[in-house]
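Here is a short report on one protein. Look at the sequence and the 3D view before reading on.

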Amino acid sequence: MTRLLAVRRRSPWRGLAAGVLTLALSTTTFTAPARAAAAAAQACAGTPTPSFQGSAPDAGLNTLFTRYGNDNRRTDDWTGADGTFSTTLPGGKVAFVFSDTFLGKVDADGGRSPVVEEGGTTPFLNNSFVVKAGDRLSTVHGGTREQPKAVMPPRDGEHWYWAGDAITAGGKVQVTYQEYERFGPGIWDWRWLRNVVAKFRPDRLSEPVSVTAIPSSKGISWASWLERRDGMIYVYGVEDLGDTKYMHLARVRGADLTGPWEFYAGDGTWSRNEADSARIMDGVANEYSVTRMGRAYMLITQDTTEKFNTNIVAYFSCSPQGPFTGKTTVYSTPETGANGSYGNPNVFTYNAHAHPELSRPGSLVVSYNVNSFVNTDHYKDVTIYRPRFVDLKFG
């Protein structure tokens, strides 16, 4: 698979010309009291909705990843990636789960060599881990230092895995992956194939101890988010129809994602049949999050109700299955489009979601990804293909 194919997949609005990315941006830090008041009015069953107070870039995490990505003491470690899920490991460490990943060296001018497959020296993998121990980061990949490979290796050169959310439960790090395949020579001749769960030992993330197929019959990517609550693992997915994307929800009892699944069928009912899975709402991205904030459930997603929307929004509910209401803009990404911080019409942002294991009471750490439709942009400027972290404050 070529690098161009990989980066184009990561757009939440596929198949659109890059030239339409000429968006005006709003401020990146704000309090939005009117929106907060509107959200506070949305309550159900006596549960108050968290009141949004403001947001700002997380300087600590952004600096940590910038410093690590630019460090050339090793040439088989992380210099940029997307995906950016996370899960807690034993001993207080945190594993970041990445999809497409650049390794290698950062040049003095802030660029990188093309990938090995294009005649350069930069290793490129479809998935990896970065482990955070205090203020230190380390990359985990498969293969060797000289020939690194993905931690979740493909069956052959025509298939690959992109990572979804992860959870540490039952003594294993359980990661949802989506398998994709090529079916022709064209740049868009690839498609989603199925969902799997890979289990890793927390002390050996370089290769899975098992890979198990999970429900895939309805074309839903069950990898958007995992939330463990009340003896269940709730599994959120997306039905991706291009411009329109629908949220779906399943659950597994206990701590093992390979156990029997139940699917939310609407009207408060659950079914063992994936075909009964109901569309909960549209407007979500391929990756999003649903986490507890106080007594409410909060959905964080890039707003896909408009093409190339820069807004990250929150919705609120009293249950994992919604309904999610009180739409509130919590951040506007400053990088997108010709009027953005890069001044580049090809740059876009996508797939915001939460990191509760990195958050403090009354706040929530959210990441989002930055990308470009033009492959060579990632070689000219390594910062384009790195996650950004934001702190959201709630009353």
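## Surface and burial

How much area does the protein expose, and what share do carbon and sulfur atoms supply? The exposed area is about 15000 Å². Carbon and sulfur atoms supply 50% of this area. Keep in mind that the model is predicted.

The protein has 395 residues. Of these, 57% are buried.

## Overall build

The protein contains four helices and 27 strands.

Contacts also link separate parts of the sequence. Take the contacts between residues at least 6 apart in sequence. Of these, 58% join residues at least 24 apart.

## Strand 12 and its cover

Now pick out one strand. Strand 12 spans residues 172-182. Is strand 12 mostly covered or mostly open? Strand 12 is mostly covered, with ten of its eleven residues buried.

## Two partners for strand 12

Strand 11 covers residues 159-169. Strand 11 runs antiparallel to strand 12, and nine bridges join the two. One facing pair is W162 and Q178, with Q178 in strand 12. The two strands form a hairpin, with two residues between them. In the turn, G170 has a positive phi of about 65°.

Strand 12 also pairs with strand 13, which holds residues 190-200. This pairing is antiparallel too and runs over ten bridges. Here V175 stands opposite A198, a residue of strand 13.

## Recap

Strand 12 is joined to strand 11 by nine bridges and to strand 13 by ten. Ten of the eleven residues in strand 12 are buried.

How values were computed
Residues numbered from 1 in each chain as written. Predicted model: local features only at pLDDT ≥ 70, side-chain atom pairs only at ≥ 80, totals over all residues. Heavy atoms only, no water. Buried < 20%, exposed > 50% of the residue type's maximum accessible area, 1.4 Å probe, protein only. Contact = heavy atoms within 4.5 Å. Areas by Shrake-Rupley, 256 points an atom, 1.4 Å probe, with all protein chains shown as cover. Pairing = 2+ DSSP bridges.
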